[in-house]
Amino acid sequence: MKVKIHTLFQYLLETTEAEPEAVVGFSLAESPRLGDFLSDLDPDLPLDWNNRDFRGLPELRDHVLTNAGLAERCTQEDVLITAGAAEANYLAIMQTLQPGDEIVLETPGWPQAEVLTKAIGARITKITRREEDGWALPMGALADAVSSETRMIFLTNPNNPTGHLLTADEVDQIVDIARSAGAWLLIDEVYAGLEWAGPRTPSVAGVYERGITTGSVSKALGLQGLRTGWLICRDAELMSDALILRENASEIMNIMGEVIAEIALRPERYAPAMEKARCEGRRNLDAMSDWVAAQPGLEWVPPAAGLIGLARLPAGLDPDRLAKTLLAEPYRTFLLPGSAYGLPRHIRLGVGGGTGANLQKGLDRVAQALQDLSRHDR
Ligand SMILES: Cc1ncc(COP(=O)(O)O)c(C=O)c1O
């Protein structure tokens, strides 16, 4: 089994040395600093992992369940702390899919599941979210795609990259579809907590016995560098399989990540941090919508949740050319072209990253590049 590179990661690798002065694409809220946590850190904390739980700090697992609204439905045993939502997805996919199995994926969507599925040699069936439907998940197509052959359905909610948000009713419908096929239903909710158009959607681990919820402290809390996330599922065998795979990769979570994440998720810190992320996100997204409206020929469906969404370029403008032009002088601005998601006419816009992203400067430069390129092409 060999894991091959995906266009999105290829693009990130190629552009890391470009040192942009502005980023119009971050998906995470402003990151706190280490100093914000020092007052609650114990200088005598042992940095070995003797006597640590392989599943993660028990109090951290409690916070995870409480914040996901799962405290009544799941127990600590149903939670594994992982190296981000990325590792949680990895463990679940690798331990459920066998060569020849079928997985149903959404497009556009987060590419990780597709990359891993191809490496495993499993079969992929895709269902397509369409811009004209506001990027909604096509329920009829999902029902048609899922059969007794389907081993897993993998979705992101809120969706990366469209920011579409499933309702509780839709999750129930998807659960019915998955249950009728006996399929695992993995819903990655790494962007949860940043909902603008409705309430937070119930986590699937609480509503389906084969439901798998993944998440992390990376996005709404901006703590991506801690590499701390979780896998939640009520199926004891899946949880044990995930633990075993992790033991054979990195063995156990890193203690500092767990300890700081536990502090960040304490109620007295979590509530104000989420309030701040939501206020800033809302304000920046409103500004982004105004900016998009002012650009001739640019259209977007504002995200119903999360900090990223897709904008369609005016006809004739190539997203890859725009992104590459933007990275160079005089613009020095990063954004992600739609080709990272198999979309030939879109760019991904994001309002995260806090003051370090220089969002307004970035938007001014994207506006300038759009003008320059369309003038040049005329
Ligand atoms: C949908 C989705 N899942 C998982 C990840 C990885 O997140 P983490 O930092 O928690 O590993 C990302 C990162 O952008 C993402 O967009």
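Start at helix α10. Select residues 319-327 and pick out P319, A323 and L326, the buried residues of this helix. Look down the axis: these residues cover an arc of only 65°, so they sit on the same side of α10. Keep in mind throughout that this is a predicted model.

**The two domains**

Next, colour the chain by domain. Domain 1 takes residues 7-32 + 269-377, and domain 2 takes residues 34-267. Their C-alpha centres lie 25 Å apart. Now show the contact between them: domain 1 brings 31 residues and domain 2 brings 34 residues.

Which elements of domain 1 each supply at least two residues to the side that touches domain 2? Select α9 (267-293) and β10 (308-312). Of the elements on that side, α9 gives the most, with 10 residues. Colour the domain 1 side by class. You should find 19 nonpolar, six polar and six charged residues.

**The open sheet with β10**

Stay with β10 and bring up its sheet. Four strands form an open sheet here, in the order β9-β10-β13-β12. The pairing is antiparallel. Which strands are at the edges? Select β9 (299-300) and β12 (336-337); each of them pairs on one side only.

Zoom in on β10 and strand β13, residues 346-350. Five bridges join these antiparallel strands. To see one bridge, select L310 and its partner in β13, R348. As a reminder for the viewer, strands of a sheet pair through backbone hydrogen bonds, either parallel or antiparallel.

**Strand β3 and its neighbours**

Move to strand β3, residues 102-107. Is this strand mostly covered or mostly open? The strand is mostly covered, with five of its six residues buried.

Add strand β4, residues 123-128. β3 and β4 pair in the parallel sense over six bridges. Select V104, then T125 in β4: the two stand opposite each other. Now trace the chain from β3 to β4. The path goes through helix α4, residues 112-120, and this β-α-β crossover is right-handed.

Add strand β5, residues 150-156. β5 runs parallel to β3, and four bridges join the two. For a pair to display, take I103 and M152 in β5, which stand opposite each other.

**I127, a buried residue**

Return to strand β4 and select I127, which lies in this strand. Why does I127 count as buried? There are 21 C-beta neighbours inside 10 Å of I127, and 20 or more make a residue buried.

Show the contacts of I127, leaving out residues up to four places away in sequence. The list is V104, E106, P138, A141, L142 and A145. V104 is the residue you have just seen opposite T125. Draw a distance from I127 to A141 as well. They are 14 residues apart along the chain, and their C-alpha atoms are separated by 6.3 Å.

**D172, a partly exposed residue**

For a contrast, go to helix α6, residues 168-181, and select D172. How exposed is D172? D172 is partly exposed, because 15 other C-beta atoms lie within 10 Å, a count between the limits of 12 or fewer for exposed and 20 or more for buried.

End with one more distance. Draw a line from D172 to A367, C-alpha to C-alpha. The two are 195 residues apart in sequence and 42 Å apart in space.

Terms used:
Residues numbered from 1 in each chain as written. Predicted model: local features only at pLDDT ≥ 70, side-chain atom pairs only at ≥ 80, totals over all residues. Domains from an automatic or database assignment. Contact = placed C-beta atoms within 7 Å. Nonpolar A, V, L, I, M, F, W, Y, C, P; charged D, E, K, R; others polar. Pairing = 2+ DSSP bridges. Right-handed = clockwise from strand over helix to strand, strands pointing away. Arc of directions from axis to C-beta.
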